[in-house]
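This report considers the nonpolar cores, one helix and the salt bridges of the structure shown below.

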Amino acid sequence: MDFQPTVYIMTNRRRYLPYIGVTSNLLKRIYEHREDIAEGYAKCYSLYRLVYLEQFATMKAATARAKQLQNWHRAWRYGLIEQANSSWRDLAEDFGFEALE
């Protein structure tokens, strides 16, 4: 997975502080979140759990979708996550990352 434009949502626990991001390398970005490499909102609130992702053909499309989701009400974001991942399971495990407590 070298270059795959992806919109992702990270959180620290179910139905709390959804962080919406966009990246071209999801595995690298998950690693950065978990290792607290980048300063900012996600590090401040320990947002390590990947609960949602959408992949796109272009970064332009991914960025547009991320902006759209950022403008949604929090309840709409929760609904989107629950439709795809009803248990709010950490999807990073599917990519070989260790399970979080």
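Helices are DSSP runs of at least four residues, numbered from the N terminus. The structure is a predicted model.

**Salt bridges**

A salt bridge here requires a side-chain nitrogen of Lys or Arg within 4 Å of a carboxyl oxygen of Asp or Glu. By this rule the count comes to six salt bridges. Three of the pairs are listed below.

| Basic residue | Acidic residue | Closest N to O |
|---|---|---|
| Arg29 | Glu32 | 3.0 Å |
| Lys43 | Glu39 | 2.8 Å |
| Arg89 | Asp94 | 2.9 Å |

Arg29 and Glu32 lie three residues apart in helix H1 (residues 26-34), so about one helical turn separates them. Arg29 is buried, because its relative accessibility of 16% falls under the 20% limit. In the pair of Lys43 and Glu39, Lys43 is partly exposed at a relative accessible area of 29%, whereas Glu39 is exposed at 66% relative accessibility. Arg89, the partner of Asp94, is partly exposed, with a relative accessible area of 35%. Through salt bridges with shared partners, Lys28, Arg29 and Glu32 are joined into one network. In general terms, side chains of opposite charge can pair when their charged atoms come close.

**Nonpolar cores**

In soluble globular proteins, nonpolar side chains tend to be buried together. In this model, the largest nonpolar core comprises 13 residues, and Val7, Ile9, Ile20 and Ile81 have the most contacts inside it. At least two residues of this core come from each of strand S1 (6-11), strand S3 (49-55), helix H3 (59-70) and helix H4 (74-84). Beyond its neighbours within four places in sequence, Ile9 is in contact with Pro18, Tyr19, Ile20, Arg49, Leu50, Val51, Tyr52 and Ile81. A second, separate core has 11 residues, among them Tyr8, Met10, Leu17 and Leu50.

**The two faces of helix H4**

Which residues of H4 are buried? They are Arg77, Tyr78, Leu80 and Ile81. Viewed down the axis of H4, these buried residues fall within an arc of 160 degrees, and they therefore line one face of the helix. The buried residues of H4 pack against S1, strand S2 (19-23), S3 and H3. On the face of H4 turned away from its buried side are the exposed residues Ala75 and Gln83. Ile81 thus appears both among the buried residues of H4 and among the residues with the most contacts inside the largest core.

Definitions and conventions:
Residues numbered from 1 in each chain as written. Predicted model: local features only at pLDDT ≥ 70, side-chain atom pairs only at ≥ 80, totals over all residues. Heavy atoms only, no water. Buried < 20%, exposed > 50% of the residue type's maximum accessible area, 1.4 Å probe, protein only. Core = buried A, V, L, I, M, F, W, Y, C linked by side-chain atoms within 4.5 Å. Contact = heavy atoms within 4.5 Å. Arc of directions from axis to C-beta.
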